[in-house]
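Here are some short exercises to work through with the model open in your viewer. Try each task yourself before you read its solution.

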Amino acid sequence: MSYTYRARRAANIGLGVLVLTLALVVAGCVDDPTDPTGPPPDEGGSITLAAAVAESGRHGPEGIEVARGYRLAVEILNENGGIRGRPVQLEIRDDGSDAQASARLYAELIASGTVDALLGPFSSPITEAVLAVTEAAGVPMVAPMAAAPSIWSERQRQWSVQSQTPGPTYLRGSVEVSVFGGARTVAIVYENTSFPASVIEGVREAAGRHGLEVVLDRSYEVGAADHEAIAAAARDAGADLFIGGGYTADAAGFAIAAPAVGYRPVLMSLLLGPGQPQFVDAVGPAARCVAGNAPWHPAIRTGGFIADNETFVRRYEAAHGRTPGYHAAGGFAAVELVAEGLDQAISGAGEPDRAALRDFLFSARTETIAGPYEVFPIGDPEAGAQRGLKGLQVQWQDDGAGGLVLRIVHPWAAADATPCFMR
């Protein structure tokens, strides 16, 4: 199965450890009260989940999707009776894509004394800043968009778990796909921040294993990528595979730049862009044969505590007029994990037990709409890191009717299409 979109023309976090104090007062920046996220407050009976997510700023496009996933999951959860008959409230703050602001907002939410569990922000650097607060406070949190291994490795996490595929696994499959298409050389280009750098670790390992010659290996600072100059350098170096990038804006920039400078690699595989439905709207026909990672796809047959994947996709499309991408699915899945854990952690009329929820999150082997969930247990050097979910390689291909469709091309056993190549 696949989903189709018509191609349209398109125009060391320096954060000290925050001190939590009960004197913090919750700022008045909660969701619009008309948002049908959940029922009105129910004194003494409701359960409150909270998050600070980038709904503006650099990470706004991705953060908005994560927040939509959070809201839809809570909406459906309440339609089905909440958690053990209790309505679920959701508080979302906009952190403006700023790590220090996000950490401050989580501190305020915790200090309010009303939050039973937390949902993570968007991006690895922001999540790492937030964990300095949430871990110290002992509040369970599911981080759906924190793929950098450094957040979890040797950190002895006690309260926070990763539901995303780890960064080094993201584009390994694309290296194999490129070799299948005849690639012998590779240009590795990436934003010099923790998540893209972690992905490139896996790319370098896979390139070496498959015998690819690295003809260009270049990093760039945030917002400083000259997309056409870098694409031209890869062209001149004779790179068959162009791989890496940063966040959504860079993916669009590189996809447009390559044809603009006459660069036609065998395969272009980019981070955080091609796996999203709106990518084709941003780059138009230049999206053809561009590949990337997708931890999730609308066609996979999965199901979790709140809904199955088909229901999630249908409800999202009804609400937003388009098919969701994996950021929304990741947000939805994070709520499923918290809800399932709270369902087990609440006994009778008792209050939610944070320690019991934490124990569930670190020990559960379960399913969500995003796929399998299992993390390394407390006490393990990788405690909290995801080890159950495996990612997909997806690619924009001709749909046979003048448009482009996003299909799964790797792993081979899960593929619903043969890869296409630019030359």
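**Exercise 1. Find how β7 and β9 pair, and pin the register with residue pairs.**

Start with the sense of the pairing. In this predicted model, strand β7 (residues 185-191) runs parallel to β9, and five bridges link the two.

Next, look for partners. Ile188 has Ile243 of β9 as its bridge partner. Further along, Tyr190 sits opposite Gly245 in β9. Those two pairs give you the register of β7 against β9.

**Exercise 2. Extend the sheet outward from β7 and from β9, and say which strands you meet.**

Step one, go from β7 to β8. These strands are parallel, with seven bridges between them. For a marker, take Thr185, which stands opposite Glu213 in β8.

Step two, go from β9 to strand β10 (residues 267-270). Here you'll find four bridges, again in a parallel arrangement. The marker is Phe242, whose bridge partner in β10 is Met268.

Step three, put the pairings together: β8 pairs with β7, β7 with β9, and β9 with β10.

**Exercise 3. Trace the crossovers: which helices link the strands, and what is the hand of each unit?**

Take β7 to β8 to begin with. Helix α5 (residues 194-209) completes a β-α-β unit with these two strands, and the unit is right-handed.

Now do β9 to β10. The helix this time is α7 (residues 248-260), and this β-α-β unit is right-handed too.

**Exercise 4. Are the residues of β7 and β9 buried or exposed?**

The cut-off you need is that a residue counts as buried under 20% relative accessible area.

For β7, seven of seven residues are buried. Split them by face and you get Thr185, Ala187, Val189 and Glu191 on one side, with Val186, Ile188 and Tyr190 on the other, so to speak a strand covered on both faces.

For β9 (residues 241-245), the count is five buried out of five.

**Exercise 5. Work out which residues of α6 are buried and what covers them.**

List the residues of helix α6 (residues 227-237) that are buried: His227, Ile230, Ala231, Ala232, Ala233 and Ala234. Then look at their surroundings. The cover includes strands β7, β8 and β9, along with helix α7.

Finally, step off the end of the helix. Gly238 follows α6, and its phi is positive, near 75 degrees.

**Exercise 6. Compare the make-up of the two cavities.**

Begin with the largest cavity, which holds about 120 Å³ of space. Its lining has 16 residues, and Ser163, Gln164, Gly330, Ala370 and Leu389 are the ones nearest the centre. The elements giving two or more residues to that lining are α10 (326-345) and β13 (371-373). By class, the lining has ten nonpolar and six polar residues, with no charged ones.

Move on to the second largest cavity, at about 70 Å³. It has 13 lining residues; closest to the centre are Phe122, Met145, Tyr170, Phe195 and Leu272. The class split is nine nonpolar, four polar and no charged.

**Exercise 7. Place Pro372 in its surroundings.**

Locate Pro372 in strand β13. With a relative accessibility of 37%, Pro372 counts as partly exposed. Now check its contacts, skipping residues up to four places away in sequence: Pro372 touches Thr366, Glu367, Gln386, Gly388 and Leu389. For Leu389, the C-alpha to C-alpha distance to Pro372 is 5.2 Å, at a sequence separation of 17 residues.

**Exercise 8. Check the backbone at Ser123, Glu154 and Pro411.**

Ser123 first: its phi is near 95 degrees, positive in a residue other than glycine. Ser123 lies in the loop between β4 (117-119) and α3 (124-137), and at 3% relative accessibility Ser123 counts as buried.

Glu154 also isn't a glycine, and has a positive phi of about 60 degrees. You'll find Glu154 in the loop between β5 (141-143) and β6 (160-162). Glu154 is exposed, because its relative accessible area is 56% and the cut-off for exposed is over 50%.

Last, Pro411 sits in the segment after β15 (404-410). The peptide bond joining His410 and Pro411 is cis, with omega about 5 degrees.

Methods: Residues are numbered from 1 along each chain as its sequence is written. This is a predicted model: local features need pLDDT of at least 70, side-chain atom pairs count only at pLDDT 80 or more; totals for chains, interfaces and linings use all residues. Side-chain values use heavy atoms; hydrogens and water are left out. On a 1 Å grid over the protein atoms alone, a cavity is a set of points where a 1.4 Å probe fits but cannot get out, and a pocket is an open set with protein on both sides within 12 Å along at least five of seven lines; lining residues have an atom within 4 Å of a point. Grid points are joined across faces, edges and corners, and a volume is the space filled by probe spheres set on the points. Ala, Val, Leu, Ile, Met, Phe, Trp, Tyr, Cys and Pro count as nonpolar, Asp, Glu, Lys and Arg as charged, and the others, Gly among them, as polar. Buried means under 20% relative accessible area, exposed over 50%, partly exposed in between (1.4 Å probe, protein chains only). Two strands pair if DSSP finds at least two bridges between them. A crossover is right-handed if, with the strands pointing away from the viewer, the path from the first strand over the helix to the second runs clockwise. Contact means heavy atoms within 4.5 Å.
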